[in-house]
Amino acid sequence: MFTIDFTSRVPIYEQICNNIIKLASAGVFKSGDRLPPVRTVAQEIGVNPNTVAKAYRVLETEGYIYSTVGRGTFLTDKLTKNAAFQEMALKTFRDAVKNAELYSVPREQLIEIINSIYEGGREND
(Lines give C-alpha, C1' and ligand atoms only; values in the text may rest on other atoms or scores of the structure.)
Protein backbone atom coordinates (compact mmCIF):
# COMPACT_ATOMS: atom_id res chain seq x y z
CA MET A 1 0.00 0.00 0.00
CA PHE A 2 2.80 2.44 0.90
CA THR A 3 5.77 2.98 -1.38
CA ILE A 4 9.01 4.10 0.21
CA ASP A 5 12.17 5.05 -1.65
CA PHE A 6 15.02 4.21 0.70
CA THR A 7 17.50 5.95 -1.62
CA SER A 8 15.59 9.24 -1.52
CA ARG A 9 16.84 12.21 0.47
CA VAL A 10 13.26 12.74 1.68
CA PRO A 11 12.95 11.38 5.24
CA ILE A 12 10.97 8.17 5.50
CA TYR A 13 8.40 9.67 7.87
CA GLU A 14 7.71 12.41 5.28
CA GLN A 15 7.31 9.78 2.58
CA ILE A 16 4.77 7.99 4.78
CA CYS A 17 2.87 11.28 5.28
CA ASN A 18 2.93 11.91 1.53
CA ASN A 19 1.71 8.37 0.85
CA ILE A 20 -1.28 8.84 3.14
CA ILE A 21 -2.11 12.19 1.52
CA LYS A 22 -1.80 10.66 -1.96
CA LEU A 23 -3.98 7.68 -1.03
CA ALA A 24 -6.61 10.04 0.37
CA SER A 25 -6.51 12.15 -2.79
CA ALA A 26 -6.94 9.00 -4.89
CA GLY A 27 -9.97 8.03 -2.82
CA VAL A 28 -8.36 4.94 -1.29
CA PHE A 29 -8.75 6.49 2.18
CA LYS A 30 -11.89 8.46 2.91
CA SER A 31 -12.90 10.68 5.81
CA GLY A 32 -13.47 8.52 8.89
CA ASP A 33 -11.51 5.54 7.54
CA ARG A 34 -9.28 3.76 10.01
CA LEU A 35 -5.58 3.83 9.12
CA PRO A 36 -3.51 0.69 9.53
CA PRO A 37 -1.86 0.36 12.96
CA VAL A 38 1.67 1.74 13.34
CA ARG A 39 3.20 -1.70 13.82
CA THR A 40 1.46 -3.11 10.75
CA VAL A 41 2.70 -0.28 8.52
CA ALA A 42 6.22 -0.53 9.98
CA GLN A 43 6.36 -4.27 9.35
CA GLU A 44 4.87 -3.91 5.85
CA ILE A 45 7.47 -1.38 4.66
CA GLY A 46 10.36 -2.59 6.80
CA VAL A 47 10.99 0.42 9.03
CA ASN A 48 11.13 1.12 12.73
CA PRO A 49 7.66 1.62 14.30
CA ASN A 50 8.89 4.94 15.74
CA THR A 51 9.26 6.26 12.18
CA VAL A 52 5.63 5.46 11.37
CA ALA A 53 4.53 6.87 14.74
CA LYS A 54 6.34 10.12 13.89
CA ALA A 55 4.52 10.33 10.56
CA TYR A 56 1.19 9.77 12.31
CA ARG A 57 2.07 12.47 14.89
CA VAL A 58 2.90 14.96 12.13
CA LEU A 59 -0.38 14.21 10.32
CA GLU A 60 -2.29 14.50 13.60
CA THR A 61 -0.63 17.83 14.41
CA GLU A 62 -1.62 19.11 10.97
CA GLY A 63 -5.21 17.97 11.55
CA TYR A 64 -5.33 15.25 8.90
CA ILE A 65 -5.85 12.34 11.28
CA TYR A 66 -6.98 11.79 14.85
CA SER A 67 -6.36 8.98 17.31
CA THR A 68 -8.74 7.39 19.75
CA VAL A 69 -7.26 5.26 22.53
CA GLY A 70 -8.14 1.62 22.00
CA ARG A 71 -9.87 2.22 18.66
CA GLY A 72 -7.12 3.39 16.33
CA THR A 73 -6.21 6.25 14.04
CA PHE A 74 -8.72 7.77 11.64
CA LEU A 75 -8.72 10.21 8.74
CA THR A 76 -10.41 13.57 9.30
CA ASP A 77 -12.47 15.29 6.64
CA LYS A 78 -9.62 17.79 6.07
CA LEU A 79 -8.22 15.48 3.41
CA THR A 80 -11.03 15.65 0.92
CA LYS A 81 -9.97 14.93 -2.63
CA ASN A 82 -9.41 18.59 -3.60
CA ALA A 83 -7.72 19.48 -0.32
CA ALA A 84 -5.37 16.52 -0.69
CA PHE A 85 -4.43 17.52 -4.24
CA GLN A 86 -3.87 21.11 -3.12
CA GLU A 87 -1.73 19.98 -0.19
CA MET A 88 0.45 17.84 -2.46
CA ALA A 89 0.75 20.68 -4.99
CA LEU A 90 1.77 23.14 -2.28
CA LYS A 91 4.34 20.75 -0.84
CA THR A 92 5.83 20.14 -4.28
CA PHE A 93 5.84 23.91 -4.92
CA ARG A 94 7.57 24.62 -1.59
CA ASP A 95 10.24 22.03 -2.37
CA ALA A 96 10.77 23.50 -5.83
CA VAL A 97 11.09 27.02 -4.43
CA LYS A 98 13.61 25.80 -1.83
CA ASN A 99 15.66 24.22 -4.62
CA ALA A 100 15.43 27.38 -6.72
CA GLU A 101 16.61 29.45 -3.76
CA LEU A 102 19.44 26.99 -3.13
CA TYR A 103 20.65 27.48 -6.72
CA SER A 104 20.21 31.27 -6.57
CA VAL A 105 17.32 31.54 -9.01
CA PRO A 106 16.09 35.14 -8.74
CA ARG A 107 12.75 35.61 -6.98
CA GLU A 108 11.53 37.80 -9.85
CA GLN A 109 12.05 34.94 -12.31
CA LEU A 110 9.94 32.62 -10.15
CA ILE A 111 7.20 35.22 -9.89
CA GLU A 112 7.25 35.69 -13.69
CA ILE A 113 6.77 31.94 -14.15
CA ILE A 114 3.89 31.87 -11.68
CA ASN A 115 2.19 34.86 -13.31
CA SER A 116 2.66 33.40 -16.77
CA ILE A 117 1.10 30.08 -15.78
CA TYR A 118 -1.85 31.72 -14.03
CA GLU A 119 -2.43 33.97 -17.02
CA GLY A 120 -2.61 30.95 -19.30
CA GLY A 121 0.85 31.18 -20.84
CA ARG A 122 2.73 28.03 -21.66
CA GLU A 123 6.15 29.48 -22.50
CA ASN A 124 7.72 28.22 -19.28
CA ASP A 125 6.64 24.59 -19.55
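Me: The expected span of a helix is 1.5 Å times one less than its number of residues. In this predicted model, how far apart are the end C-alpha atoms of α1, and what span should its 14 residues give?
Reply: Helix α1 covers residues 12-25. At 1.5 Å a residue, its 14 residues should span 20 Å. The distance between its end C-alpha atoms agrees with that, so both values are 20 Å.

Me: Is α1 mostly covered or mostly open, and how many of its residues are buried?
Reply: Buried means under 20% relative accessible area. Among the α1 residues that meet this are I16, C17, I20, I21 and L23. Polar names such as N18 and N19 are also on the buried list. The helix is mostly covered, and the buried count is 10 of 14.

Me: Is Q15 buried or exposed, and which backbone nitrogen does its side chain reach?
Reply: Q15 lies in α1. Its relative accessible area is 9%, under the 20% cut-off, so Q15 is buried. Leaving out residues up to four places away in sequence, Q15 touches T3, I4, D5, S8 and V10. At 2.7 Å, its side chain reaches the backbone nitrogen of D5.

Me: How does E14 count by accessibility, buried, partly exposed or exposed?
Reply: E14 also sits in α1. Partly exposed lies between 20% and 50%. E14 has 25% relative accessibility, so it counts as partly exposed.

Me: How far apart in space are E14 and Y56, C-alpha to C-alpha?
Reply: In sequence the two are 42 residues apart. In space, their C-alpha separation is 9.9 Å.

Me: Which residues touch the most other members of the largest nonpolar core, and which element gives the largest share?
Reply: This core holds 23 residues, and I20 and L75 touch the most other members. The elements giving two or more residues are α1, α2 (38-45) and α3 (49-61). With six residues, the largest share comes from α1.

Me: Which residues does I20 touch, not counting those up to four places away in sequence?
Reply: I20 is one of the buried residues of α1. Its partners beyond that sequence range are F2, F29, L35, Y56, L59 and L75.

Me: Which residue just after α1 takes a positive phi, and of about what value?
Reply: Most residues other than glycine have a negative phi. The residue just after α1 is a glycine, G27, with phi of about 85°.

Me: Where is S104, and what is its phi near?
Reply: S104 is in the loop between α4 (81-102) and α5 (107-118). At 61% relative accessibility, it counts as exposed. Its phi is positive in a residue other than glycine, near 60°.

How values were computed
Residues are numbered from 1 along each chain as its sequence is written. This is a predicted model: local features need pLDDT of at least 70, side-chain atom pairs count only at pLDDT 80 or more; totals for chains, interfaces and linings use all residues. Side-chain values use heavy atoms; hydrogens and water are left out. Helices (H or I, at least four residues) and strands (E, at least two) are DSSP runs, numbered from the N terminus. Buried means under 20% relative accessible area, exposed over 50%, partly exposed in between (1.4 Å probe, protein chains only). A polar contact is a pair of N or O atoms within 3.5 Å; within protein, one must be able to donate a hydrogen and the other to accept it, and residues adjacent in sequence count only if both atoms are side-chain atoms. Contact means heavy atoms within 4.5 Å. A nonpolar core is a set of buried Ala, Val, Leu, Ile, Met, Phe, Trp, Tyr and Cys residues joined through side-chain atoms within 4.5 Å.
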